Amino acid sequence: MEPERPYCEKFNMEGFQHAQTMAFAIDEINNNPNLLPNITLGYHLYDNCVMLGMAFRAAMSLSSGTEESFSNLNCTGPPPVIGIVGDASSTPSIAISSVLGLFRVPIVSHYATCSCLSDRKKYPSFFRTIPSDAFQVRAMVQILKHFDWTWVGLLYSDDDYGIYAAQLFQQEMQLFGHCVAFSEILPNDHNPRDIQRITGLIQASTARVVVVFALSSYLLPLMDEVVLQNMTGRQWIASEAWATSLEYHTPRFLPFLGGTLGIAIRRGEIQGLHDFLLHFHPSNDPRNNMLRIFWENMFECSFETGDSKSDGEHLKKVCTGKEELSNTNTTYTDVSELRASYNVYKAVYALAHALHDLMQCEEGRGPFSGNKCADIINLKPWQLVHYLQKVNFTTGFGDHVSFDKNGDALAIYDVLNWQPSSDGSIAVHRVGVVNEGVATGMPPRSVCSESCPPGTRRATRKGLPVCCFDCLPCGDGEISNSTDAIECKVCPEDFWSNPDKDQCVPKEVEFLSYEEPLGISLTTASLLGACFCALVMVIFAFHHNTPIVRANNSELSFLLLLSLKLCFLCVLLFIGRPELWTCQLRHAVFGISFVLCVSSILVKTMVVIAVFKSSRPEGKGAMKWFGAIQQRCTVLFLTALQVVICAIWLSTASPTPHKNNQYTRSKIVYECAIGSVAGFSMLLGYIGLLAAISFLLAFLARNLPDNFNEAKFITFSMLIFCAVWIAFVPAYVSSPGKYAVAVEIFAILASSFGLLVAIFAPKCYIILLHPERNTKNAIMGRETQKK
C-alpha cells in the first residue's frame with residue numbers, strides 16, 4: 001500500500017517569509033526588462049517540515065517532476081526545474097547534493113553552512129549565498145582573539161552543522177595557541193539527565209566564555225536549565241544559527257544571556273518586500289493549502305464553518321478573510337533584520353544572472369565543446385552550473401555577489417551584542433563586522449556587562465587587556481582597587497593583602513613573646529629553675545660546714561649553682577621582640593654560662609679523681625698540685641676561652657635582628673640572625689668538647705669506693721646534658737621561625753634542670769631528710785665498718 005504522507009507539526013513564520021521572499025524575487029525579475037528579457041520564470045515551493053526525508057523527497061520531485069506518466073520516451077527537453085534554492089539545513093543539503101550532484105543540477109542554499117559542502121569532488125553543483133562555517137569559525141576566533149579570551153568552553157549540536165563546526169573551531173583555537181576547556185554535544189532528544197550534566201560541567205569549569213554552534217531548537221532546553229540553576233557570569237558566544245533567534249530575547253533570559261556576542265550573516269534590505277508580504281491573502285490562490293494554514297496560524301483562527309474550533313483549552317475563532325496583516329507584528333512581517341531572507345533573495349538572483357549570461361552567449365564563441373553555446377530549448381543542468389560559477393553582480397542594497405572555486409559566498413559577518421532594552425527584554429545591536437577573517441569596528445572592553453570584582457585583575461595575553469569575564473584573582477601579597485586593573489599591585493615588603501585583596505595591611509610580626517602561652521610557659525620554667533638554684537644555694541650556705549657540702553670543694557659547688565642560675569636566666573634574652581643588644585647577648589651569655597657550668601663540673605670530676613688518688617701511696621701528692629687555686633684558675637681559663645670565642649664572633653659577624661620572609665610570605669618572622677655560622681658552631685662545639693671530657697672522666701671514676709661517690713651523679717648529669725644537645729641540632733634546623741628559638745630554650749632548660757637535679761638533688765636529700773648521714777664517716781664508709 002502507498003505509505004502515509006508525512007505532515008508538518010508546526011508552522012514556521014520565518015520559513016514562510018523565506019518562501020515569499022523567493023516569490024517576490026522572481027516577480028521582481030520577471031518585471032525587470034534588463035534581466036532575462038522575454039523570459040518568464042516560474043517556481044515550485046515545497047515545505048521540508050525540518051525533516052530530512054521530506055526535504056529529500058521534495059528535491060527529487062523538483063528535479064524529476066511529479067507526473068505519474070510521460071509521453072516523451074526519448075527523455076529530451078529541459079528538466080522540470082533548472083535550479084534549486086535550498087535546503088536551509090546542512091544535513092539535508094548534503095543528502096540532496098550527493099544525489100543531484102551526479103546530474104549536475106545546480107543547488108543554491110541560503111543557510112547551509114557546513115564546511116564539508118565546500119568539497120567540489122563530492123558536491124560539484126552546490127553553491128551557497130551564506131559563508132561556509134570555515135569562515136564563521138575564523139570570524140569567531142577573531143572575536144575571541146580581539147578580547148584575548150584564550151580559555152573557552154564549546155557546545156555544539158549533534159548534526160553535520162555542529163560536528164564539522166566544532167572540529168574546525170578546535171583546530172583554529174589550537175592554531176592560535178588558545179585552549180578549549182571542555183567540548184560537549186547537545187543531545188537531540190533533550191534528555192534532562194544529559195542537560196543537567198552539561199550545565200554542571202559549565203558551572204564547574206573555570207572557563208567563563210562558552211561558544212555554541214547549534215540551532216536554537218538544540219540550545220533552548222539547555223538555556224531553560226541555565227535559568228533554573230541561576231547560572232550567571234558566563235559570556236556566551238552565539239553562532240549564526242541562533243544569534244538572531246527571538247526565543248531568547250525575553251526578560252526571563254536577560255540575566256543570563258545579557259552581553260552575549262554573536263556572529264550573524266550579513267544583514268540586507270529589500271525594497272518593496274514589506275508591501276509584498278502585507279498584500280498576501282488566501283483569496284489570491286484558493287487552492288493553495290499553505291496560504292490557508294499560514295492565515296490560520298497568523299490570526300489564530302479557522303476557516304472551518306460552524307462553531308468555533310477547539311484547540312485543546314483554546315477556542316479558535318472563525319477566519320473571515322478580512323483580517324489585516326498590517327496590524328500584526330511577527331517574524332513574517334518584520335523586515336528590519338533581513339538575513340536569511342536576504343540570502344534567499346541573492347540565491348534567486350544568482351540563478352537568474354547565470355541564466356541571463358547563458359542566454360547572452362554568441363554562437364561560435366561559446367564556452368562549451370566546439371565553442372558552442374547552450375540550447376535554451378534543450379538546456380543541460382551542468383551548463384547552468386558553468387555560468388553560475390562565474391556569476392558576478394551587485395544587489396540593490398550594494399552587496400557584491402559571487403562564488404569562489406568551492407561555490408562559497410564572500411565571507412562577511414555582522415558581530416551582534418545582546419543588551420538590555422527599555423522594556424527589560426534583550427535588544428540586539430550590531431557592534432562590529434568581520435570581513436574575510438578580519439575584525440573591524442569591534443566594540444571596546446566596555447561591551448562586557450560586568451566588572452572585575454575587587455581583588456582581581458583582567459586577564460592579559462601579550463600585555464593586552466581582556467574582558468572582565470576573564471578576571472583572575474590577585475596573588476598572595478597583591479591587591480587591586482580598580483575594576484579595570486590589568487596588573488595587580490604588589491604590596492610593600494612589610495605589608496600583605498587583606499582577605500578581599502583590595503588593601504595592603506601590615507604583615508603580622510611573629511616572634512616568641514612573653515604574652516603568648518608558649519612564651520609564658522618557658523618564662524615560668526626559667527624563673528622556677530633560677531629559684532631552685534637560689535634555694536639550693538641557701539641550703540648549702542646554711543649547712544656550709546657539713547661534710548657533704550665541704551666535700552669536693554664547696555666553692556666549686558657554689559660556682560656551679562651560680563652558673564646554672566645564669567643558664568636559667570639567659571633564657572629570658574631569647575624571649576621577646578629581638579633587639580640588637582638581646583641578639584648579641586643571648587648567645588654570648590648562654591655560651592659563657594654553660595662553659596662556666598661545664599668547666600666547674602669538669603674540675604669537680606678532676607677533684608674526685610685527685611682525692612682518691614691521693615688516698616693511695618703512689619698518689620699522695622696529687623692534691624698538692626690541684627688545690628683550690630689551681631681549681632679556680634682552671635675554671636677561669638676554660639671560661640676565658642669561651643669569652644674569646646664570643647668576642648671574636650661579636651666583633652666580626654655579630655648577630656642582628658632579621659625580618660625573615662622565607663617561612664611564610666604573609667608574616668614577618670622576627671628573629672636573630674646568628675651572623676656567623678662558624679662562630680655559633682665554635683661556641684657550641686667548645687661546650688660539647690668540655691661536656692664530652694667531663695662525661696668521660698666521670699664515667700671512669702664512677703666505681704671509686706665511697707658511699708657518696710659524686711662521680712656517679714656527674715656521669716648521669718652529663719649523660720642527660722649530652723643527649724639533650726645531640727637531639728637539639730636536628731630539631732633546631734628543622735623548626736621554623738619562633739619555634740627554632742623555643743627548641744633552643746627547651747634545650748637550655750632541659751640540660752640545666754638535668755644538671756641541677758642529678759648533681760644537687762641527692763645532696764639536698766641527705767641534708768634535709770637524713771642529717772645522720774651527713775657525717776665524714778658516713779660519707780667515707782667507715783661507719784659501717786665500725787659496726
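**Salt bridges in the predicted model**

The structure holds 16 salt bridges. The model is a predicted one. Side chains of opposite charge can pair when their charged atoms come close. Three such pairs are described below, after an outline of the chain.

The chain has 787 residues, and 48% of them count as buried. Its secondary structure comprises 22 helices and 27 strands. Among contacts with a separation of 6 or more, 67% involve residues 24 or more positions apart. The accessible surface of the chain is about 38900 Å². Carbon and sulfur atoms contribute 57% of that surface.

One pair joins E184 and R197, whose closest N and O atoms lie 3.0 Å apart. The two residues are 13 positions apart in the chain. E184 sits in strand 5, which spans residues 179-186. R197 belongs to helix 6, residues 192-204. The salt bridge therefore links a strand with a helix. E184 has a relative accessible area of 16%. It counts as buried because this value is under 20%. R197, at 43%, is partly exposed.

A second pair is formed by D494 and K659. Here the closest N and O atoms are 3.2 Å apart. The pair links distant parts of the chain, with the two positions 165 residues apart in numbering. D494 lies in the loop between strand 22 (489-490) and strand 23 (495-497). K659 lies in strand 26, residues 656-660. D494 is partly exposed, with a relative accessible area of 29%. K659 is also partly exposed, at 39%.

A third pair consists of E510 and K667, with the closest N and O atoms 3.7 Å apart. This distance counts as a salt bridge because the cut-off is 4 Å. E510 is in strand 25 (residues 508-510), and K667 is in strand 27 (residues 667-673). The two residues are 157 positions apart, so this pair, too, links distant parts of the chain. E510 is buried, with a relative accessible area of 14%. K667 has a relative accessibility of 25% and counts as partly exposed.

Salt bridges can also share partners. In this way R266, R267, E269, E337, R339, D399, D414 and R430 are joined into one network.

Conventions
Residues numbered from 1 in each chain as written. Predicted model: local features only at pLDDT ≥ 70, side-chain atom pairs only at ≥ 80, totals over all residues. Heavy atoms only, no water. Helix = DSSP H or I, 4+ residues; strand = E, 2+ residues; numbered from the N terminus. Buried < 20%, exposed > 50% of the residue type's maximum accessible area, 1.4 Å probe, protein only. Contact = heavy atoms within 4.5 Å. Areas by Shrake-Rupley, 256 points an atom, 1.4 Å probe, with all protein chains shown as cover. Salt bridge = Lys/Arg side-chain N within 4 Å of Asp/Glu carboxyl O.
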